[in-house]
Amino acid sequence: MTPAARLAAAAAIIDRISAGKAPAEAVLKTWGTENRYAGSKDRRAIADQVYKVTRARGRLVWAMGGREDGRALVIGALSLIDGLSVEEIEALHSGDGYGPKPLSKQERSRISLTDDGAPAWALAGLPEFVVEDFKNTFGDRWAEEAAGLMVPRAPIDLRVNAAKATVDEVIAELREAGLSPERTPWSAWGLRLSAEPPPNVQALEAFKQGRIEIQDEGSQITCWLAGVEPGMTVVDYCAGGGGKTLGLAMQGLAVGASRVEAAPPEPERIWTPTGWVEAPKAKPKPATIARAEGRLIACDVVQKRLDNIRPRLARAGVEAELIHLGPNGGRVEDIVGMADVVFVDAPCTGSGTWRRRPEDAWRLKPEEVDRMHSLQMAILARAAKLVKPGGRLVYVTCSMLRVENEATLDHFEEDHPSFAPVAITEGLSSSGITDAGRNKLAELAGAGHRLRLSPATADTDGFFAAIYERTA
(Lines give C-alpha, C1' and ligand atoms only; values in the text may rest on other atoms or scores of the structure.)
Protein backbone atom coordinates (compact mmCIF):
# COMPACT_ATOMS: atom_id res chain seq x y z
CA MET A 1 0.00 0.00 0.00
CA THR A 2 1.14 3.54 -0.69
CA PRO A 3 1.46 6.01 2.21
CA ALA A 4 -1.61 7.82 0.87
CA ALA A 5 -3.66 4.58 0.77
CA ARG A 6 -2.66 3.86 4.36
CA LEU A 7 -3.99 7.27 5.40
CA ALA A 8 -7.29 6.61 3.66
CA ALA A 9 -7.57 3.25 5.38
CA ALA A 10 -6.79 4.79 8.78
CA ALA A 11 -9.50 7.42 8.29
CA ALA A 12 -12.07 4.74 7.40
CA ILE A 13 -11.14 2.66 10.46
CA ILE A 14 -11.41 5.68 12.74
CA ASP A 15 -14.93 6.30 11.44
CA ARG A 16 -15.81 2.67 12.13
CA ILE A 17 -14.48 2.90 15.69
CA SER A 18 -16.43 6.11 16.29
CA ALA A 19 -19.66 4.58 15.04
CA GLY A 20 -19.55 1.48 17.25
CA LYS A 21 -18.61 0.17 20.68
CA ALA A 22 -16.03 -2.43 19.74
CA PRO A 23 -12.44 -1.90 20.97
CA ALA A 24 -10.12 -0.27 18.46
CA GLU A 25 -7.97 -3.42 18.50
CA ALA A 26 -10.93 -5.55 17.42
CA VAL A 27 -11.90 -3.11 14.66
CA LEU A 28 -8.35 -3.12 13.33
CA LYS A 29 -8.26 -6.90 13.36
CA THR A 30 -11.56 -7.10 11.46
CA TRP A 31 -10.30 -4.62 8.87
CA GLY A 32 -7.16 -6.70 8.37
CA THR A 33 -9.26 -9.84 7.82
CA GLU A 34 -11.44 -8.04 5.29
CA ASN A 35 -8.48 -6.54 3.43
CA ARG A 36 -5.94 -9.33 3.14
CA TYR A 37 -4.01 -7.47 0.46
CA ALA A 38 -2.61 -5.29 3.25
CA GLY A 39 0.72 -6.68 4.41
CA SER A 40 1.97 -6.77 7.99
CA LYS A 41 3.89 -3.50 7.56
CA ASP A 42 0.78 -1.86 6.14
CA ARG A 43 -1.38 -3.05 9.04
CA ARG A 44 1.20 -1.89 11.56
CA ALA A 45 1.50 1.57 9.98
CA ILE A 46 -2.28 1.94 9.82
CA ALA A 47 -2.69 0.85 13.45
CA ASP A 48 -0.04 3.32 14.57
CA GLN A 49 -1.88 6.12 12.74
CA VAL A 50 -5.23 5.11 14.24
CA TYR A 51 -3.93 5.09 17.81
CA LYS A 52 -1.98 8.29 17.31
CA VAL A 53 -5.15 10.05 16.24
CA THR A 54 -7.30 8.46 18.94
CA ARG A 55 -4.97 9.52 21.75
CA ALA A 56 -4.98 13.12 20.53
CA ARG A 57 -8.62 13.20 19.42
CA GLY A 58 -9.70 16.18 21.54
CA ARG A 59 -6.84 18.35 20.34
CA LEU A 60 -7.43 17.33 16.71
CA VAL A 61 -11.19 17.95 16.84
CA TRP A 62 -10.52 21.44 18.14
CA ALA A 63 -7.82 22.07 15.51
CA MET A 64 -10.11 20.95 12.69
CA GLY A 65 -12.92 23.29 13.68
CA GLY A 66 -15.05 20.71 15.49
CA ARG A 67 -14.97 18.04 12.79
CA GLU A 68 -14.82 14.48 14.16
CA ASP A 69 -14.67 12.42 10.98
CA GLY A 70 -11.65 10.23 10.38
CA ARG A 71 -10.43 12.17 7.38
CA ALA A 72 -10.31 15.47 9.28
CA LEU A 73 -8.59 13.91 12.28
CA VAL A 74 -5.92 12.23 10.13
CA ILE A 75 -5.25 15.49 8.31
CA GLY A 76 -4.97 17.33 11.62
CA ALA A 77 -2.54 14.72 12.97
CA LEU A 78 -0.29 15.04 9.93
CA SER A 79 0.05 18.73 10.72
CA LEU A 80 0.02 18.98 14.53
CA ILE A 81 1.65 15.68 15.49
CA ASP A 82 3.81 14.67 12.53
CA GLY A 83 4.77 18.24 11.70
CA LEU A 84 4.23 17.98 7.94
CA SER A 85 3.92 21.15 5.91
CA VAL A 86 0.79 22.06 3.99
CA GLU A 87 2.57 21.11 0.76
CA GLU A 88 3.56 17.70 2.09
CA ILE A 89 0.02 17.00 3.28
CA GLU A 90 -1.38 18.07 -0.10
CA ALA A 91 1.00 15.64 -1.81
CA LEU A 92 -0.54 12.81 0.23
CA HIS A 93 -4.04 13.95 -0.78
CA SER A 94 -3.76 13.99 -4.53
CA GLY A 95 -6.76 11.72 -5.10
CA ASP A 96 -4.66 9.26 -7.09
CA GLY A 97 -5.27 5.51 -6.74
CA TYR A 98 -6.59 4.50 -3.34
CA GLY A 99 -5.37 7.68 -1.66
CA PRO A 100 -7.63 10.36 -0.14
CA LYS A 101 -9.14 13.08 -2.27
CA PRO A 102 -7.54 16.55 -2.44
CA LEU A 103 -7.79 18.96 0.47
CA SER A 104 -10.68 21.36 0.60
CA LYS A 105 -10.16 25.08 1.13
CA GLN A 106 -11.39 24.71 4.73
CA GLU A 107 -9.01 21.83 5.47
CA ARG A 108 -6.09 23.74 4.00
CA SER A 109 -6.86 26.75 6.16
CA ARG A 110 -7.19 24.69 9.35
CA ILE A 111 -3.80 23.01 8.98
CA SER A 112 -2.20 26.38 8.30
CA LEU A 113 -3.02 27.39 11.90
CA THR A 114 -1.31 26.40 15.17
CA ASP A 115 -2.96 25.14 18.33
CA ASP A 116 -1.51 27.89 20.52
CA GLY A 117 -5.00 29.00 21.48
CA ALA A 118 -6.35 25.52 22.18
CA PRO A 119 -8.18 25.10 25.52
CA ALA A 120 -6.44 23.18 28.30
CA TRP A 121 -8.73 20.15 28.00
CA ALA A 122 -7.88 19.72 24.33
CA LEU A 123 -4.14 20.00 24.90
CA ALA A 124 -4.37 17.54 27.81
CA GLY A 125 -6.14 15.00 25.62
CA LEU A 126 -9.14 14.54 27.94
CA PRO A 127 -12.87 14.83 27.29
CA GLU A 128 -13.84 18.34 28.36
CA PHE A 129 -16.28 17.27 31.10
CA VAL A 130 -13.59 15.18 32.84
CA VAL A 131 -11.13 18.03 33.37
CA GLU A 132 -12.88 19.52 36.39
CA ASP A 133 -12.81 16.13 38.13
CA PHE A 134 -9.06 15.85 37.43
CA LYS A 135 -8.44 19.35 38.76
CA ASN A 136 -10.33 18.55 41.98
CA THR A 137 -8.34 15.36 42.45
CA PHE A 138 -4.84 16.30 41.35
CA GLY A 139 -4.73 20.08 41.66
CA ASP A 140 -1.85 21.66 39.77
CA ARG A 141 -0.67 18.21 38.63
CA TRP A 142 -3.85 17.43 36.68
CA ALA A 143 -2.31 18.03 33.24
CA GLU A 144 0.66 15.77 34.07
CA GLU A 145 -1.73 13.03 35.19
CA ALA A 146 -3.76 13.46 32.01
CA ALA A 147 -0.67 13.16 29.83
CA GLY A 148 0.45 10.02 31.65
CA LEU A 149 -2.96 8.48 31.08
CA MET A 150 -3.48 9.41 27.44
CA VAL A 151 -0.12 9.82 25.69
CA PRO A 152 2.17 6.80 26.17
CA ARG A 153 1.40 3.27 25.13
CA ALA A 154 1.14 0.91 28.10
CA PRO A 155 3.54 -2.01 28.56
CA ILE A 156 2.30 -5.59 28.89
CA ASP A 157 2.34 -6.75 32.51
CA LEU A 158 2.21 -10.41 33.47
CA ARG A 159 1.58 -12.16 36.79
CA VAL A 160 3.46 -15.38 37.43
CA ASN A 161 1.21 -18.12 38.80
CA ALA A 162 2.77 -19.39 42.05
CA ALA A 163 0.79 -22.62 41.76
CA LYS A 164 2.81 -23.62 38.72
CA ALA A 165 6.11 -21.74 38.53
CA THR A 166 8.54 -19.32 40.11
CA VAL A 167 9.35 -15.89 38.71
CA ASP A 168 12.89 -16.95 37.79
CA GLU A 169 11.60 -20.00 35.91
CA VAL A 170 9.21 -17.87 33.85
CA ILE A 171 11.88 -15.27 33.12
CA ALA A 172 14.10 -17.99 31.70
CA GLU A 173 11.23 -19.44 29.66
CA LEU A 174 10.25 -16.08 28.18
CA ARG A 175 13.85 -15.29 27.28
CA GLU A 176 14.08 -18.61 25.45
CA ALA A 177 11.00 -17.48 23.50
CA GLY A 178 12.88 -14.37 22.36
CA LEU A 179 11.30 -11.89 24.79
CA SER A 180 12.95 -9.53 27.27
CA PRO A 181 10.93 -9.62 30.49
CA GLU A 182 11.76 -7.31 33.39
CA ARG A 183 10.55 -7.60 36.97
CA THR A 184 7.87 -5.11 37.94
CA PRO A 185 9.07 -2.76 40.70
CA TRP A 186 6.12 -3.05 43.10
CA SER A 187 4.63 -6.54 42.60
CA ALA A 188 6.96 -9.42 43.50
CA TRP A 189 5.11 -11.75 41.11
CA GLY A 190 4.97 -9.35 38.18
CA LEU A 191 6.89 -9.25 34.91
CA ARG A 192 6.82 -6.53 32.27
CA LEU A 193 7.17 -6.75 28.50
CA SER A 194 7.54 -3.84 26.14
CA ALA A 195 4.53 -3.08 23.96
CA GLU A 196 6.85 -2.32 21.04
CA PRO A 197 6.59 -4.62 19.20
CA PRO A 198 3.40 -5.99 20.77
CA PRO A 199 4.03 -9.56 21.99
CA ASN A 200 1.49 -12.30 21.32
CA VAL A 201 1.33 -13.48 24.93
CA GLN A 202 -1.57 -15.86 24.43
CA ALA A 203 0.48 -17.86 21.90
CA LEU A 204 3.19 -18.55 24.49
CA GLU A 205 3.38 -21.99 26.06
CA ALA A 206 3.75 -20.33 29.47
CA PHE A 207 0.31 -18.76 28.99
CA LYS A 208 -1.33 -21.87 27.57
CA GLN A 209 -0.09 -23.94 30.51
CA GLY A 210 -1.22 -21.37 33.09
CA ARG A 211 2.21 -20.28 34.31
CA ILE A 212 1.42 -16.63 33.51
CA GLU A 213 -1.62 -14.38 33.29
CA ILE A 214 -1.91 -10.95 31.70
CA GLN A 215 -2.55 -8.55 34.59
CA ASP A 216 -1.46 -4.94 35.07
CA GLU A 217 0.85 -4.40 38.03
CA GLY A 218 -1.66 -2.03 39.63
CA SER A 219 -4.31 -4.75 39.47
CA GLN A 220 -1.89 -7.19 41.10
CA ILE A 221 -1.21 -4.73 43.91
CA THR A 222 -4.91 -4.41 44.74
CA CYS A 223 -5.06 -8.21 45.15
CA TRP A 224 -2.07 -8.25 47.52
CA LEU A 225 -3.60 -5.44 49.63
CA ALA A 226 -6.60 -7.64 50.39
CA GLY A 227 -4.54 -9.55 52.94
CA VAL A 228 -5.81 -13.01 51.95
CA GLU A 229 -4.30 -15.89 53.94
CA PRO A 230 -4.73 -19.67 53.78
CA GLY A 231 -7.87 -20.82 55.56
CA MET A 232 -9.90 -17.69 54.88
CA THR A 233 -13.33 -17.43 53.27
CA VAL A 234 -12.85 -14.90 50.47
CA VAL A 235 -15.53 -13.45 48.20
CA ASP A 236 -14.70 -11.76 44.90
CA TYR A 237 -18.04 -9.99 44.68
CA CYS A 238 -17.76 -8.55 41.14
CA ALA A 239 -15.58 -11.17 39.50
CA GLY A 240 -15.98 -10.02 35.90
CA GLY A 241 -13.41 -11.77 33.75
CA GLY A 242 -11.78 -13.43 36.76
CA GLY A 243 -8.34 -11.80 36.64
CA LYS A 244 -8.43 -10.72 40.27
CA THR A 245 -10.14 -13.98 41.27
CA LEU A 246 -6.98 -15.78 40.12
CA GLY A 247 -4.80 -13.30 42.01
CA LEU A 248 -6.80 -13.82 45.19
CA ALA A 249 -6.64 -17.61 44.74
CA MET A 250 -2.88 -17.51 44.51
CA GLN A 251 -2.58 -16.04 48.01
CA GLY A 252 -4.16 -19.14 49.52
CA LEU A 253 -1.22 -21.21 48.24
CA ALA A 254 2.26 -21.75 49.58
CA VAL A 255 5.08 -19.98 47.77
CA GLY A 256 6.04 -21.73 44.56
CA ALA A 257 4.37 -24.84 43.20
CA SER A 258 4.73 -27.01 46.30
CA ARG A 259 1.00 -27.05 47.03
CA VAL A 260 -0.01 -28.43 43.64
CA GLU A 261 -1.52 -31.87 44.13
CA ALA A 262 0.02 -34.04 41.44
CA ALA A 263 -1.64 -37.25 40.34
CA PRO A 264 0.16 -40.42 41.52
CA PRO A 265 2.27 -42.14 38.84
CA GLU A 266 0.52 -44.81 36.82
CA PRO A 267 1.86 -48.37 37.39
CA GLU A 268 3.49 -50.08 34.45
CA ARG A 269 2.17 -53.53 35.51
CA ILE A 270 -0.75 -54.65 37.69
CA TRP A 271 -1.54 -57.90 39.57
CA THR A 272 -4.48 -60.05 38.46
CA PRO A 273 -5.61 -63.53 39.59
CA THR A 274 -3.70 -64.99 36.65
CA GLY A 275 -0.48 -63.08 37.44
CA TRP A 276 1.23 -59.79 36.49
CA VAL A 277 0.05 -58.09 33.27
CA GLU A 278 0.74 -54.83 31.50
CA ALA A 279 -1.40 -52.03 32.93
CA PRO A 280 -4.10 -50.71 30.59
CA LYS A 281 -3.41 -47.34 29.07
CA ALA A 282 -4.80 -44.69 31.40
CA LYS A 283 -7.31 -42.14 30.26
CA PRO A 284 -6.06 -38.53 30.18
CA LYS A 285 -6.45 -36.92 33.60
CA PRO A 286 -7.54 -33.36 34.25
CA ALA A 287 -4.94 -30.76 35.16
CA THR A 288 -3.65 -30.90 38.69
CA ILE A 289 -5.31 -28.50 41.11
CA ALA A 290 -3.65 -26.30 43.70
CA ARG A 291 -5.63 -26.67 46.91
CA ALA A 292 -6.18 -23.51 48.93
CA GLU A 293 -6.76 -23.88 52.66
CA GLY A 294 -10.03 -21.99 52.63
CA ARG A 295 -12.92 -21.03 50.44
CA LEU A 296 -12.85 -18.68 47.43
CA ILE A 297 -16.18 -17.58 45.96
CA ALA A 298 -16.45 -15.60 42.72
CA CYS A 299 -19.74 -13.80 42.10
CA ASP A 300 -21.17 -11.87 39.19
CA VAL A 301 -24.57 -10.84 37.86
CA VAL A 302 -23.72 -12.06 34.34
CA GLN A 303 -23.58 -15.83 33.89
CA LYS A 304 -21.45 -15.57 30.74
CA ARG A 305 -18.68 -13.88 32.70
CA LEU A 306 -18.67 -16.72 35.20
CA ASP A 307 -18.61 -19.26 32.37
CA ASN A 308 -15.55 -17.49 30.96
CA ILE A 309 -13.77 -17.82 34.31
CA ARG A 310 -13.98 -21.61 34.30
CA PRO A 311 -11.30 -22.26 31.65
CA ARG A 312 -9.03 -19.64 33.27
CA LEU A 313 -9.28 -21.43 36.62
CA ALA A 314 -8.57 -24.76 34.94
CA ARG A 315 -5.58 -23.37 33.07
CA ALA A 316 -4.19 -21.79 36.24
CA GLY A 317 -4.78 -24.98 38.22
CA VAL A 318 -6.75 -23.30 41.03
CA GLU A 319 -10.29 -23.63 42.34
CA ALA A 320 -13.15 -21.25 43.12
CA GLU A 321 -16.88 -21.55 43.66
CA LEU A 322 -18.92 -19.58 41.13
CA ILE A 323 -22.21 -17.90 42.12
CA HIS A 324 -24.53 -16.18 39.67
CA LEU A 325 -25.91 -13.22 41.62
CA GLY A 326 -29.54 -12.25 41.33
CA PRO A 327 -30.41 -8.77 40.03
CA ASN A 328 -30.53 -7.41 43.60
CA GLY A 329 -27.57 -9.37 44.92
CA GLY A 330 -29.49 -12.53 45.81
CA ARG A 331 -28.24 -16.15 45.97
CA VAL A 332 -25.54 -15.46 48.58
CA GLU A 333 -27.79 -15.57 51.64
CA ASP A 334 -25.92 -18.57 53.09
CA ILE A 335 -22.65 -16.61 53.36
CA VAL A 336 -24.03 -13.39 54.91
CA GLY A 337 -21.69 -12.40 57.74
CA MET A 338 -19.33 -15.32 56.97
CA ALA A 339 -16.51 -13.85 54.82
CA ASP A 340 -13.05 -12.95 56.10
CA VAL A 341 -12.46 -10.81 53.01
CA VAL A 342 -14.96 -9.39 50.55
CA PHE A 343 -13.22 -7.93 47.51
CA VAL A 344 -15.35 -5.50 45.49
CA ASP A 345 -13.80 -4.73 42.11
CA ALA A 346 -16.67 -2.40 41.32
CA PRO A 347 -18.03 -1.69 37.84
CA CYS A 348 -16.70 1.66 36.68
CA THR A 349 -15.94 3.77 33.63
CA GLY A 350 -12.53 2.14 33.22
CA SER A 351 -10.91 5.56 32.85
CA GLY A 352 -7.75 4.21 34.48
CA THR A 353 -7.16 2.03 31.41
CA TRP A 354 -7.40 4.77 28.79
CA ARG A 355 -3.71 4.40 27.95
CA ARG A 356 -4.64 0.90 26.71
CA ARG A 357 -8.02 1.81 25.18
CA PRO A 358 -7.94 5.55 24.39
CA GLU A 359 -11.09 5.23 22.28
CA ASP A 360 -13.11 4.71 25.47
CA ALA A 361 -12.30 8.24 26.64
CA TRP A 362 -14.25 9.72 23.74
CA ARG A 363 -17.21 7.37 24.20
CA LEU A 364 -17.72 8.30 27.85
CA LYS A 365 -20.67 10.56 28.71
CA PRO A 366 -21.38 12.41 31.99
CA GLU A 367 -24.55 10.42 32.59
CA GLU A 368 -22.55 7.17 32.49
CA VAL A 369 -20.29 8.41 35.29
CA ASP A 370 -23.35 9.25 37.40
CA ARG A 371 -24.86 5.84 36.67
CA MET A 372 -21.70 4.09 37.78
CA HIS A 373 -21.58 6.10 41.00
CA SER A 374 -25.13 5.03 41.89
CA LEU A 375 -24.41 1.40 40.98
CA GLN A 376 -21.24 1.34 43.08
CA MET A 377 -23.07 2.58 46.18
CA ALA A 378 -25.71 -0.14 45.80
CA ILE A 379 -23.10 -2.87 45.24
CA LEU A 380 -21.01 -1.83 48.24
CA ALA A 381 -24.05 -1.92 50.52
CA ARG A 382 -24.87 -5.48 49.38
CA ALA A 383 -21.30 -6.73 49.57
CA ALA A 384 -20.81 -5.32 53.06
CA LYS A 385 -23.45 -7.71 54.41
CA LEU A 386 -21.21 -10.69 53.62
CA VAL A 387 -18.32 -9.50 55.82
CA LYS A 388 -18.07 -11.13 59.24
CA PRO A 389 -17.18 -9.09 62.35
CA GLY A 390 -13.43 -8.56 62.21
CA GLY A 391 -13.41 -9.25 58.47
CA ARG A 392 -12.30 -6.87 55.76
CA LEU A 393 -14.03 -5.13 52.88
CA VAL A 394 -11.77 -4.04 50.01
CA TYR A 395 -13.11 -1.57 47.43
CA VAL A 396 -11.32 -1.26 44.08
CA THR A 397 -11.96 0.53 40.78
CA CYS A 398 -9.86 1.05 37.66
CA SER A 399 -11.15 4.62 37.49
CA MET A 400 -9.32 7.92 37.77
CA LEU A 401 -12.50 9.87 38.52
CA ARG A 402 -13.28 11.25 41.96
CA VAL A 403 -17.00 10.68 41.48
CA GLU A 404 -16.44 6.91 41.32
CA ASN A 405 -13.89 6.76 44.11
CA GLU A 406 -13.89 9.32 46.94
CA ALA A 407 -17.52 10.31 46.40
CA THR A 408 -18.70 6.68 46.47
CA LEU A 409 -16.74 5.91 49.63
CA ASP A 410 -17.79 9.09 51.40
CA HIS A 411 -21.39 7.94 50.97
CA PHE A 412 -20.56 4.39 52.13
CA GLU A 413 -18.74 5.56 55.26
CA GLU A 414 -21.61 7.81 56.24
CA ASP A 415 -24.14 4.98 55.91
CA HIS A 416 -21.98 2.20 57.43
CA PRO A 417 -20.40 3.35 60.71
CA SER A 418 -19.66 -0.27 61.66
CA PHE A 419 -16.92 -0.36 58.98
CA ALA A 420 -13.75 1.25 60.25
CA PRO A 421 -11.08 2.47 57.82
CA VAL A 422 -7.88 0.39 57.74
CA ALA A 423 -4.65 2.17 56.85
CA ILE A 424 -3.16 1.05 53.55
CA THR A 425 0.14 0.53 55.34
CA GLU A 426 -1.48 -2.36 57.26
CA GLY A 427 -2.00 -4.16 53.96
CA LEU A 428 1.62 -3.88 52.86
CA SER A 429 2.92 -6.95 54.69
CA SER A 430 1.97 -9.24 51.81
CA SER A 431 4.86 -11.20 50.31
CA GLY A 432 3.43 -10.21 46.94
CA ILE A 433 4.71 -6.65 47.42
CA THR A 434 8.40 -5.83 47.05
CA ASP A 435 10.31 -3.69 49.55
CA ALA A 436 10.37 -0.89 46.99
CA GLY A 437 6.63 -1.37 46.56
CA ARG A 438 5.99 -1.05 50.28
CA ASN A 439 7.90 2.23 50.35
CA LYS A 440 6.17 3.57 47.24
CA LEU A 441 2.64 2.62 48.31
CA ALA A 442 3.18 4.01 51.80
CA GLU A 443 4.31 7.26 50.20
CA LEU A 444 1.24 7.42 47.97
CA ALA A 445 -1.28 6.52 50.67
CA GLY A 446 0.29 8.33 53.60
CA ALA A 447 -1.52 7.39 56.80
CA GLY A 448 -4.83 7.01 55.00
CA HIS A 449 -7.00 4.06 54.07
CA ARG A 450 -7.31 5.05 50.42
CA LEU A 451 -4.74 4.51 47.69
CA ARG A 452 -4.61 5.92 44.18
CA LEU A 453 -2.29 4.51 41.52
CA SER A 454 -1.85 6.16 38.14
CA PRO A 455 0.44 6.00 35.12
CA ALA A 456 2.08 9.27 36.14
CA THR A 457 2.76 8.33 39.78
CA ALA A 458 3.27 4.56 39.70
CA ASP A 459 3.67 3.59 36.03
CA THR A 460 0.59 1.37 36.36
CA ASP A 461 -2.92 1.69 35.02
CA GLY A 462 -5.14 3.97 37.08
CA PHE A 463 -6.49 2.17 40.16
CA PHE A 464 -8.17 3.24 43.38
CA ALA A 465 -8.40 1.05 46.49
CA ALA A 466 -9.69 1.39 50.04
CA ILE A 467 -9.76 -1.04 52.98
CA TYR A 468 -12.31 -1.35 55.81
CA GLU A 469 -12.76 -3.67 58.78
CA ARG A 470 -16.15 -4.58 60.14
CA THR A 471 -16.17 -3.76 63.85
CA ALA A 472 -19.63 -5.04 64.79
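Asp435, Asn439 and Glu443 are exposed on one side of helix H18, a helix that spans residues 435-445 in this predicted model. On the other side of H18 from these exposed residues lie Gly437, Lys440, Leu441 and Ala445, which are buried. These four buried residues cover an arc of only 120° around the axis, and they therefore sit on the same side of H18. The points below take helix H18 in turn with strand S1.

**Helix H18 and its surroundings**

- The buried residues of H18 are covered by several elements, including helix H13 (217-225), strand S15 (450-453) and helix H19 (455-458).
- Lys440 is among the buried residues of H18, together with Gly437, Leu441 and Ala445, whereas Asn439, the residue just before Lys440 in number, is exposed.
- Gly446 follows H18, and the phi of this glycine is positive, near 65°.

**Strand S1 and its partners**

- Strand S1 comprises residues 156-160, and because four of its five residues are buried, this strand is largely enclosed by the rest of the structure.
- Strand S3, made up of residues 190-193, runs antiparallel to S1 and is joined to S1 by four bridges; within this pairing, Leu158 has Leu191 of S3 as its bridge partner.
- Strand S4, made up of residues 212-214, also runs antiparallel to S1, and three bridges join these two strands; here Arg159 stands opposite Glu213 of S4.

Conventions: Residues are numbered from 1 along each chain as its sequence is written. This is a predicted model: local features need pLDDT of at least 70, side-chain atom pairs count only at pLDDT 80 or more; totals for chains, interfaces and linings use all residues. Side-chain values use heavy atoms; hydrogens and water are left out. Buried means under 20% relative accessible area, exposed over 50%, partly exposed in between (1.4 Å probe, protein chains only). Two strands pair if DSSP finds at least two bridges between them. The arc is that of the directions from the helix axis to the C-beta atoms. Contact means heavy atoms within 4.5 Å.
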